[in-house]
Amino acid sequence: MTAKGGSAPSPGGTGAAAGTGRLFTVGLVTAWYSSNIGVLLLNKYLLSNYGFKYPIFLTMCHMSACALLSYAAIAWLRVVPMQLVRSRVQLAKIAALSLVFCGSVVSGNVSLRYLPVSFNQAVGATTPFFTAVFAYIMTVKRESWVTYLTLVPVVTGVIIASGGEPSFHLFGFIMCIGATAARALKTVLQGILLSSEGEKLNSMNLLLYMAPIAVILLLPATIFMEDNVVGVTIQLAKKDFKIVWLLLFNSCLAYFVNLTNFLVTKHTSALTLQVLGNAKGAVAVVVSIMIFRNPVSITGMLGYTLTVIGVILYSESKKRSNKP
């Protein structure tokens with residue numbers, strides 16, 4: 001009995017609540033993995049196997065879905081409180097981030113036309129290298145020598161993987177490197193541009209404002225660089241209506257990547273997120289090889305493994321250096 005005469009919480013009730021919490025977390029992680037890997041594989045299928053050769057238009061579809069679904073999630077479902085843009089300067093900063101974000105996503109989608117998902121993920125794993133480079137150049141932030149040392153296997157692994165990749169394509173590789181660098185640049189820029197307490201936005205609200213700006217930026221690029229893409233898509237739909245469902249599903253999945261990433265970040269620890277993030281790329285590689293049957297070499301897999309080991313060491317080194 002408690003001091004006030006009420007009964008104490010039963011161990012069984014506490015255990016059931018913990019079990020429910022664990023089940024919820026497992027469900028979130030499963031949704032996060034499924035949406036991340038699903039959108040990657042579907043992008044590859046559309047742009048390479050299906051023959052829908054319009055990566056800018058595809059990205060614009062993604063951003064349109066993100067804009068609409070973000071508004072519905074925040075304004076109607078109240079997944080998170082809405083944060084308002086406070087000034088034109090803050091809006092200009094968000095627009096700059098959106099431009100870099102567009103470059104990253106478009107370049108990544110272009111690379112999938114030419115590279116297998118497995119190699120795309122190997123190159124993408126070098127994000128910490130570019131983050132460290134941009135952070136040093138733009139903020140003069142120096143890491144410990146041990147942290148920089150861990151980047152050696154990250155870069156070496158990709159060099160080895162490139163040499164052993166049977167489906168290597170130079171333009172695709174350049175686009176993939178560009179996408180990875182732009183992703184890292186966005187992270188660093190976000191830390192610089194939205195650093196003050198009054199301007200900080202959570203990832204869901206940032207997406208709410210970035211996505212419509214991205215659509216505005218991508219629309220003229222689509223019109224001028226992907227001639228008659230709407231007409232071609234309509235003609236494809238008349239022959240095979242499946243393309244409409246694929247584009248709709250793919251676009252919604254692109255939003256759920258961001259939503260599940262936010263929720264997993266919210267409901268798990270930083271260490272758990274770090275481990276899950278490192279494992280996600282490896283799972284994507286295995287699943288893509290099983291589905292697309294693209295040839296892989298032992299050299300390529302060794303290179304990718306070395307890169308992943310480097311990323312894990314880098315994350316561990318950063319965690320230790322951030323400890324007080």
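This passage describes the internal spaces, the aromatic ring pairs and one helix-end residue, H267, in a predicted model.

Empty space inside the structure is considered to begin with. Rolling a probe the size of a water molecule over the atoms shows where empty space is left. In this model the count comes to one cavity of 30 Å³ or more, and the largest cavity holds about 90 Å³ of space. Its lining is made up of 13 residues, and those that lie nearest the centre of the cavity are S118, F119, E165, G300 and M301. Two helices, α4 (residues 117-124) and α12 (residues 298-321), each contribute at least two residues to this lining. When the lining of the largest cavity is divided by class, eight residues are nonpolar, four are polar and one is charged.

A pocket, in contrast to a cavity, is an open set of points. The second largest pocket contains about 170 Å³ of space, and its lining consists of C61, S64, A65, L68, L69, V244, L247, L248, S251 and C252. Helix α2 (residues 55-76) and helix α10 each provide at least two of the residues that line this pocket. In terms of class, the lining of the second largest pocket comprises eight nonpolar and two polar residues, with no charged residue among them.

Helix α10, which spans residues 242-267, also includes H267. This residue has a relative accessibility of 38%, and because buried means under 20% and exposed means over 50%, H267 counts as partly exposed. If residues up to four places away in sequence are not counted, H267 touches F24, T25 and L28. A further relation to a distant stretch of the chain is seen with G21, since the C-alpha atoms of H267 and G21 are 9.5 Å apart in space although the two residues are 246 residues apart in sequence.

The aromatic side chains form the next topic. In total, twelve aromatic pairs are counted in the model. One of them is formed by Y114 and F171, whose ring centres are 5.5 Å apart and whose planes meet at 90°, an edge-to-face arrangement. This pair links distant parts of the chain, with Y114 in helix α3 (residues 88-114) and F171 in helix α7 (residues 170-193), 57 residues apart. Both partners count as partly exposed, because Y114 has a relative accessibility of 28% and F171 has one of 41%.

Another pair is formed by F119 and F168, whose ring centres are 6.0 Å apart and whose planes stand at 65°, so this pair too is edge-to-face. F119 belongs to helix α4, while F168 lies in the loop between α6 (residues 145-163) and α7, so the pair ties together parts that are 49 residues apart in sequence. The two rings fall into separate accessibility classes: F119, at 2% relative accessibility, counts as buried, whereas F168, at 35%, counts as partly exposed. F119 is also among the residues that lie nearest the centre of the largest cavity.

Elsewhere, ring pairs link F52, Y54 and F57 into a cluster. A ring also takes part in an arrangement with a charged group, as the charged end of K186 sits over the ring of F101, at 5.8 Å from the centre of that ring.

Technical notes:
Residues numbered from 1 in each chain as written. Predicted model: local features only at pLDDT ≥ 70, side-chain atom pairs only at ≥ 80, totals over all residues. Heavy atoms only, no water. 1 Å grid on protein atoms, 1.4 Å probe; cavity = no way out; pocket = protein on both sides within 12 Å on 5 of 7 lines; lining within 4 Å. Points joined across faces, edges and corners; volume = space filled by probe spheres on them. Helix = DSSP H or I, 4+ residues; strand = E, 2+ residues; numbered from the N terminus. Nonpolar A, V, L, I, M, F, W, Y, C, P; charged D, E, K, R; others polar. Buried < 20%, exposed > 50% of the residue type's maximum accessible area, 1.4 Å probe, protein only. Contact = heavy atoms within 4.5 Å. Phe/Tyr/Trp six-rings, centres within 6.5 Å; stacked < 30°, edge-to-face > 60°. Lys NZ or Arg CZ within 6 Å of the ring centre and 35° of its normal.
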